[in-house]
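Got your viewer open and the cartoon loaded? Let's take a walk through this one, stop by stop.

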Amino acid sequence: MKLNGTMRVNEKGHLEIGGCDTVDLAREFGTPLYVLDEMCFRQNCRDYYLAFTHKYAAKVVYAGKALLNLAICRLVDEEGLGLDVVSEGEIFTAHKAGFPVERIYFHGNNKSPAELAMALEVGVGRFMVDNFCELDLLNNLAGEADKVAGVILRVTPGIEAHTHEYIKTGQIDSKFGLVIENGQAMEGVKRALELEKIDLKGLHCHIGSQIFELDSYSHTAEVMMAFVNQIYEETGFCLEELDLGGGLGVYYAEGDQPRPVQDYADALVGAVLDRAEKYNIPAPRIIVEPGRSICGPAGTTLYSVGAIKEIRGVRKYLAVDGGMGDNPRLALYQARYEACLANKAEQPLSETVSVAGKCCESGDMLIWDIKLPRAESGDILAVSCTGAYNYSMSMNYNRLPRPAMVLVRGGRAELITRRESFEDLIMNDLVPERLAKKTTV
Ligand code: LLP
């Protein structure tokens with residue numbers, strides 16, 4: 001398993017993260033347990049800040065959909081990044097955490113009137129408008145609230161990125177954004193410029209997630225700049241901001257080759273500056289929205305190994321006490337992960353096993369065919385790079401409570417999301433009076 005952030009193997013031969021022995025963490029907080037390496041998370045924020053903001057005065061906006069809770073909002077705020085949110089729930093979380101509202105970028109392809117009204121009321125920095133309905137709705141609501149909304153219009157550049165079908169977004173046939181190629185994006189720009197309560201600041205695009213090819217990004221930047229120039233020529237309007245989305249890939253397992261953030265910044269900014277010069281227009285301020293590459297490698301999930309089942313001549317299954325409920329990514333995207341036995345981190349990798357979850361579903365697998373030391377029930381399995389799209393996509397299938405999350409740093413572990421209790425599971429259940437008599441609840 002690749003060691004991320006502050007991970008190391010300690011004197012006891014145990015996996016340690018943030019100075020905390022993970023075997024002790026499992027004992028103290030129980031399993032499954034999400035462990036977040038604070039210094040790794042912060043370092044990833046800093047890498048982006050240095051590569052984009054320090055070097056090019058570009059803005060970095062952390063994509064909260066990858067992982068968000070109150071403590072994460074505080075870390076992102078302290079590191080000086082903006083926050084990309086996609087729902088009223090995410091805005092509520094950020095607001096409660098005291099995140100500066102003007103640094104919030106509000107995304108979403110179907111924002112409800114209530115969500116838009118709430119965002120106007122709290123005063124989010126930018127509305128990332130996805131379609132004509134939203135543009136008109138926002139203009140009306142802003143009128144009622146006597147406010148002007150700072151808008152970035154989401155467009156579809158028609159780029160096919162090399163990634164899983166479900167996480168591609170830049171292609172023409174997408175639920176996101178207005179298409180450049182068929183003229184609808186230009187109609188959107190013109191409409192936005194006409195509307196009184198809309199202050200059009202720029203354009204946005206996002207081609208997908210878990211992408212390694214920098215060429216896809218520079219090509220996207222070129223397509224976007226050609227459009228910025230076309231807007232300038234047709235309307236005389238010069239866009240100030242260009243948001244090129246997130247998506248930089250991370251290392252999950254062998255074969256993944258993430259690029260340094262600085263190369264990504266140089267490629268994106270280089271392409272934008274080059275085109276600005278070619279078209280002789282001012283270069284817009286660049287914005288990027290990384291999620292996975294900030295929180296992904298900072299997260300590790302600890303599980304207890306339970307049943308071990310060998311189907312002779314076929315396969316050996318290790319079943320753990322979590323699974324698709326806390327990490328649905330293999331089931332959804334055939335995602336690959338690496339893992340180690342945290343209590344046997346120095347022992348030789350002597351057998352090939354597959355790690356299964358505990359849900360009633362054959363697809364509930366975490367890892368197929370991984371080499372581990374000989375495992376026994378009670379061992380602690382640590383799956384790495386689970387910081388992104390794990391907790392944020394977790395669910396209660398089979399009424400499994402969601403795990404807790406601890407933030408580790410310098411030998412200290414602090415709970416930042418408590419484990420769901422069985423009481424939490426029934427918290428919203430109601431029993432009609434006529435049924436209550438017949439039950440034992
Ligand atoms: N900006 C926009 C508009 C996005 O749609 C996304 C991700 C991001 C930024 C952040 O992308 P990142 O840097 O994290 O790749 N659940 C899937 C990923 C879905 C990505 C959705 N949008 C997964 O687990 O792989």
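Here is a tour that goes from the whole chain down to single residues.

**The whole thing**

Before you click anything, keep in mind that this is a predicted model. Colour by secondary structure and you should find 13 helices and 21 strands. The radius of gyration is 23 Å, and the globule rule gives 22 Å for 441 residues, so the protein is as compact as a globular protein of that length. Line the view up with the principal axes and the C-alpha trace spans about 70 × 60 × 40 Å.

Now switch on the surface. About 19,300 Å² is exposed, with carbon and sulfur atoms supplying 50% of that area. Of the 441 residues, 56% are buried. If you draw contacts between residues at least 6 apart in sequence, 70% of them join residues at least 24 apart. Colour by charge next: there are 46 positive and 62 negative charges, and their mean positions sit 5 Å apart.

**Stop one: the cysteines**

Select every cysteine and show the sulfurs. How many disulfides are there? The count is 0. Start with Cys40: its closest cysteine sulfur belongs to Cys385 and is 8.7 Å away, which is too far for a bond, given that a disulfide needs the two sulfurs within 2.5 Å. Cys73 is in no disulfide either, as the nearest cysteine sulfur, that of Cys45, is 12 Å off. Are Cys40 and Cys73 buried or exposed? Cys40 has 8% relative accessibility, so it counts as buried. Cys73 has 0%, so Cys73 counts as buried too.

**Stop two: the loop between strands 19 and 20**

Stay with Cys385, the partner in that 8.7 Å sulfur distance. Cys385 lies in the loop between strand 19 (380-384) and strand 20 (404-409). Check its backbone: phi is positive, about 60°, although Cys385 is not a glycine. Its relative accessibility is 0%, so Cys385 is buried.

Move along to Arg399, which is in the loop between strand 19 and strand 20. Arg399 has a positive phi as well, about 55°, and is not a glycine. With 43% relative accessibility, Arg399 counts as partly exposed.

**Stop three: helix 1 and the loop after it**

Select Leu25, in helix 1. Leu25 is buried, with a relative accessible area of 3%. Show its neighbours, leaving out residues up to four places away in sequence: you'll find Cys20, Gly30, Leu33, Val35, Leu302, Val408 and Ala413 touching Leu25. For a sense of scale, draw a line from Leu25 to Ala226: their C-alpha atoms are 52 Å apart, with 201 residues of separation along the chain.

Next, select Pro32, in the loop between helix 1 (22-29) and strand 4 (33-37). Zoom in on the peptide bond from Thr31 to Pro32: this bond is cis, with omega near -10°.

**Last stop: Gln347 and Gly13**

Finish at Gln347, in the loop between strand 16 (339-341) and strand 17 (351-356). Gln347 is partly exposed, with a relative accessible area of 40%. Add Gly13 to the selection and measure C-alpha to C-alpha: Gln347 and Gly13 are 8.2 Å apart in space, yet 334 residues apart in sequence.

Methods
Residues are numbered from 1 along each chain as its sequence is written. This is a predicted model: local features need pLDDT of at least 70, side-chain atom pairs count only at pLDDT 80 or more; totals for chains, interfaces and linings use all residues. Side-chain values use heavy atoms; hydrogens and water are left out. Helices (H or I, at least four residues) and strands (E, at least two) are DSSP runs, numbered from the N terminus. The radius of gyration is taken over C-alpha atoms; the globule rule is 2.2 Å times the number of residues to the power 0.38. Buried means under 20% relative accessible area, exposed over 50%, partly exposed in between (1.4 Å probe, protein chains only). Contact means heavy atoms within 4.5 Å. Accessible areas come from the Shrake-Rupley method with a 1.4 Å probe; for residues, only the protein chains shown count as cover. Lys and Arg count as positive and Asp and Glu as negative; His and the chain ends are not counted. The place of a charge is taken as NZ of Lys, CZ of Arg, CG of Asp or CD of Glu.
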